[in-house]
Amino acid sequence: MPRYAQLVMGPAGSGKSTYCATLVQHAEAIHRSVQVVNLDPAAEHFSYPVMADIRELIQVDDVMEDPSLRFGPNGGLVFCMEYLANNLDWLEENLGHVEDDYILFDCPGQIELYTHLPVMKQLVEQLQQWEFRVCGVFLVDSQFMVETFKFISGVMAALSAMVSLEIPQVNIMTKMDLLSPKAKKEIEKYLDPDMFSMMEDNSASFRSKKFDKLTKAICELIDDYSMVRFLPFDRSDEEGINIVLQNIDFSIQYGEDLEFKEPKELEEDSGNQQQDELFQDSVGS
Ligand SMILES: Nc1nc2c(ncn2[C@@H]2O[C@H](COP(=O)(O)OP(=O)(O)OP(=O)(O)O)[C@@H](O)[C@H]2O)c(=O)[nH]1
Ligand SMILES: [Mg+2]
């Protein structure tokens, strides 16, 4: 039986740890078991139960204090991740060998980990060898996505993670609860973007004419391949959280190998509701 993993990525402060905590709570409410591994060597507080913590393997403070390394905070974090990639047996020991488990990996916010460094790719390949089906979950903060040029940067960041990791990826706009009703309406066009008309609408807001052609070419590329879509994530909206989870589950075929219980013993009048519950149980078990 396969195992399932979400690699929760995104820029610093985009809401990765909050997303993990929210999903754990949501999973509990629908009787599913979801666990979280902290892969952020700089994290200090967790609002979810931690199944394994990279800081037991290596501490960023130790790396920075080491006189032979002399790293600053960012170099130190990258060093920690490379150390993890070279010591993946530590992770294997902590993950155990539970069939059918579902694990979220709360990753650090260093964007270079998702653009050009090989560490995350190595981690993905190893997880796949351990029979995990891995979905990349790339978070961007909706607060920064309300203008076209910021949106394009967010799309490019998500795209580079997709290109470098080569796994199914679901992109999410976080902190939707912080948007005003007007901004919420405005952001709808960014969730399923038509880049070309966006460019036309906003061309005046692009700062330099010099780069107009390049920006247009990038927008066309994104449009032509329909490569990047975003799902809204509002931590206070259970229905929305469920839609996000369903999309991710679908991408890693979670639930397909689980047995569906035949609703034989259901009483006819309450049939539909109980069927739904049974299905949830079978998905969650
Ligand atoms: N209102 C609201 N605040 C959020 C949401 N998600 C995150 N935040 C806040 O945003 C800040 C950063 O959230 P984190 O979950 O720590 O973000 P992160 O991506 O894990 O950050 P790093 O690990 O430092 O890269 C915290 O103050 C959170 O409380 C959300 O959906 N709604
Ligand atoms: Mg975090």
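Strand E1 is covered on both faces: Arg 3, Ala 5, Leu 7 and Met 9 are buried on one side, and Tyr 4, Gln 6 and Val 8 are buried on the other. Counted by residue, seven of the seven residues of E1 are buried. The model described here is a predicted one.

**The sheet**

E1 belongs to an open sheet of seven strands, whose order is E3-E2-E4-E1-E5-E6-E7 and whose pairing is parallel. The two edge strands are E3 (50-53) and E7 (231-232), and each of these pairs on one side only. Strands of a sheet pair through backbone hydrogen bonds, and the pairing can be parallel or antiparallel.

In the order of the sheet, E1 stands between E4 and E5. With strand E5 (residues 132-141), E1 pairs in the parallel sense over seven bridges. One residue of E1, Arg 3, has Phe 132 in E5 as its bridge partner. With E4, E1 also runs parallel, and five bridges join the two strands. Here Gln 6 stands opposite Leu 104 in E4.

E4 also pairs with strand E2: four bridges join E2 (residues 35-38) to E4 (residues 102-106), and these strands run parallel. In this pairing Gln 35 stands opposite Ile 103 in E4.

**Salt bridges**

Side chains of opposite charge can pair when their charged atoms come close. The model has seven salt bridges. Three of them are set out below.

| Pair | Closest N to O distance | Separation in sequence |
|---|---|---|
| Arg 3 and Asp 101 | 3.1 Å | 98 residues |
| Arg 32 and Asp 249 | 2.7 Å | 217 residues |
| Glu 166 and Lys 121 | 3.0 Å | 45 residues |

What does the salt bridge between Arg 3 and Asp 101 tie together? Arg 3 lies in strand E1 (residues 3-9), while Asp 101 lies in the loop between helix H4 (88-95) and E4, so the pair ties together parts that are 98 residues apart in sequence. Both Arg 3 and Asp 101 are buried.

The salt bridge of Arg 32 and Asp 249 involves a loop and a helix. Arg 32 is in the loop between helix H1 (16-29) and E2, and Asp 249 is in helix H11 (residues 238-251), so this pair ties together parts that are 217 residues apart in sequence. Are Arg 32 and Asp 249 buried or exposed? Both are buried.

The pair of Glu 166 and Lys 121 also links distant parts of the chain. Glu 166 is in the loop between helix H7 (148-165) and strand E6 (169-174), and Lys 121 is in helix H6 (residues 119-129). Glu 166 counts as exposed because its relative accessibility is 61%. Lys 121 has a relative accessible area of 21%, so this residue is partly exposed. The two residues also belong to a network of salt bridges that links Lys 121, Glu 125 and Glu 166.

**A patch of negative charge**

Which residues gather in a patch of negative charge on the surface? They are Glu 44, Asp 61, Asp 62 and Glu 65. One of them, Asp 62, lies in helix H2 (residues 60-65). Asp 62 has a relative accessibility of 48% and therefore counts as partly exposed, since the exposed class begins over 50%.

**Residues in loops**

His 31 has a phi near 60 degrees, which is a positive value in a residue other than glycine. This residue lies in the loop between H1 and E2, the loop that also holds Arg 32. His 31 has a relative accessible area of 60%, so it is exposed.

Lys 175 is not a glycine either, yet its phi is positive, at about 60 degrees. Lys 175 is placed in the loop between E6 and helix H8 (181-191). Its relative accessibility is 25%, and so Lys 175 counts as partly exposed.

Asp 177 is also found in the loop between E6 and H8. With a relative accessible area of 30%, Asp 177 is partly exposed. Asp 177 and Asp 101 are 76 residues apart in sequence, and their C-alpha atoms are 30 Å apart in space. Asp 101 is the buried partner in the salt bridge with Arg 3 of strand E1.

Notes:
Residues numbered from 1 in each chain as written. Chains lettered and ligands numbered in written order. Predicted model: local features only at pLDDT ≥ 70, side-chain atom pairs only at ≥ 80, totals over all residues. Heavy atoms only, no water. Patch = residues over 30% accessible without salt bridge, like charges linked within 9 Å, V, L, I, M, F, W, Y side chains within 5 Å. Areas by Shrake-Rupley, 256 points an atom, 1.4 Å probe, with all protein chains shown as cover. Salt bridge = Lys/Arg side-chain N within 4 Å of Asp/Glu carboxyl O. Lys, Arg positive; Asp, Glu negative; His and termini not counted. Charge placed at Lys NZ, Arg CZ, Asp CG, Glu CD. Buried < 20%, exposed > 50% of the residue type's maximum accessible area, 1.4 Å probe, protein only. Pairing = 2+ DSSP bridges.
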